[in-house]
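Subject: Structure handover

Hello,

Here is the structure we talked about, with my notes below it. Please read the notes with the coordinates open.

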Amino acid sequence: MYFALLDLSDAITDFMNRGGPVLWVIGMLLLVKWSLIFERVWYLHSTHAKKVKQTLAVWAGRSDTRSWRAQQIRNMMVSEISLDLKSTMPIIETLVVVCPLLGLMGTVTGMIEVFYVMALTGGGDAKSMAGGVSKATIPTMAGMVGALSGIFASNWLKSRIDRDLELLEDHMA
């Protein structure tokens, strides 16, 4: 087990080094993005449920739920829950967008490095050029994988948040 973990660690380190410094930045952003996504999932299943119960209890305890003032209080309660639910969604969505752009930047810098080496050596060795191009495209692949996985998670979170807010509004109607 220990040697398998060491082999996995070496493989990951080798892959990250082949992709260049941009790949490390993408890796850190993915770590932050997935931490925020898991935090939102945890929040939905723990703190949010408690806040909804408290809000519904406060609303049910009101004697006036039909007047204009009561509706404004209802809107404020729903807005507070909405702000809490959506607090980190802009950061998650930004990280989803930034990942492929960083991958593209890594590829461009890698291609510049390949062309520089070609200019120094004369560019006659197609095998080494193909290896350099292959290395340069690793950050794009990593950025795209990070963005695609983030899109699915982000959309799931958004639909779940929208559904929960609609349910809250329906229960407070």
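Glutamate 39 and arginine 40 join their side chains in a salt bridge, with N and O 2.9 Å apart. Note that this is a predicted model. The two partners differ in cover. Arginine 40 is buried, because its relative accessible area is 5% and the cut-off for buried is under 20%. Glutamate 39 is partly exposed, at 28% relative accessibility. As background, side chains of opposite charge can pair when their charged atoms come close.

How many salt bridges does the structure hold? The count is five. Two others deserve a look.

Salt bridge between helices

Lysine 51 pairs with aspartate 84, and their closest N and O atoms are 2.7 Å apart. Lysine 51 sits in helix α3 (residues 47-60) and aspartate 84 in helix α4 (residues 68-85), so this pair ties together parts that are 33 residues apart in sequence. Buried or exposed? Aspartate 84 is partly exposed at 29% relative accessibility. Lysine 51 is partly exposed too, with a relative accessible area of 28%.

Salt bridges within helix α6

Arginine 160 forms a salt bridge with aspartate 164; here the closest N and O atoms are 3.5 Å apart. Both residues lie in helix α6. They are four residues apart, about one turn of the helix. Aspartate 164 and arginine 160 are both buried. The pair belongs to a network of salt bridges that links Arg160, Arg163 and Asp164.

Leucine 157 is also in helix α6. Its relative accessible area is 0%, so leucine 157 counts as buried. Where does threonine 88 come in? Leucine 157 and threonine 88 are 69 residues apart in sequence, and their C-alpha atoms are 11 Å apart in space.

Negative patch and glutamate 169

Which residues gather in a patch of negative charge on the surface? They are Asp162, Glu166, Glu169 and Asp170. Glutamate 169 belongs to helix α6, which covers residues 126-171. Glutamate 169 is partly exposed, with 35% relative accessibility. That value fits the patch, because patch members need over 30% relative accessible area.

Glutamate 169 also has a contact to check in helix α4. Asparagine 75 lies in that helix. The C-alpha atoms of asparagine 75 and glutamate 169 are 8.7 Å apart, while the two residues are 94 apart in sequence. Asparagine 75 is partly exposed, at a relative accessible area of 35%.

Helix α1

Met1, Leu5, Leu8 and Ile12 make a nonpolar surface patch of about 460 Å². Leucine 8, one of these, is in helix α1 (residues 2-19). Phenylalanine 15 is in helix α1 as well. Its relative accessible area is 30%, so phenylalanine 15 counts as partly exposed. How far apart are phenylalanine 15 and isoleucine 138 in sequence and in space? The answer is 123 residues in sequence and 8.6 Å in space, C-alpha to C-alpha.

UniProt annotations

An unreviewed UniProt entry lists "domain: MotA/TolQ/ExbB proton channel" at residues 69-169. In the model, residues 69-169 are 93% helix and 0% strand. The end C-alpha atoms of this span are 16 Å apart.

The feature "transmembrane region" also comes from an unreviewed UniProt entry. UniProt places it at residues 22-43, 95-118 and 138-157. I compared two of these spans with the model:

- Residues 95-118 are 100% helix and 0% strand, with end C-alpha atoms 34 Å apart.
- Residues 138-157 are 100% helix and 0% strand, with end C-alpha atoms 29 Å apart.

Leucine 157, the buried residue from above, closes the last of the listed transmembrane spans. Isoleucine 138, the partner of phenylalanine 15 in the distance above, opens that span.

Best wishes

Methods. Residues are numbered from 1 along each chain as its sequence is written. This is a predicted model: local features need pLDDT of at least 70, side-chain atom pairs count only at pLDDT 80 or more; totals for chains, interfaces and linings use all residues. Side-chain values use heavy atoms; hydrogens and water are left out. Patches are made of residues with over 30% relative accessible area and no salt bridge: like charges are joined within 9 Å, nonpolar side chains (Val, Leu, Ile, Met, Phe, Trp, Tyr) within 5 Å. Accessible areas come from the Shrake-Rupley method with a 1.4 Å probe; for residues, only the protein chains shown count as cover. A salt bridge is a side-chain nitrogen of Lys or Arg within 4 Å of a carboxyl oxygen of Asp or Glu. Lys and Arg count as positive and Asp and Glu as negative; His and the chain ends are not counted. The place of a charge is taken as NZ of Lys, CZ of Arg, CG of Asp or CD of Glu. Helices (H or I, at least four residues) and strands (E, at least two) are DSSP runs, numbered from the N terminus. Buried means under 20% relative accessible area, exposed over 50%, partly exposed in between (1.4 Å probe, protein chains only). UniProt positions are given in the numbering used here, feature names are shortened, and annotations may be inferred rather than shown by experiment.
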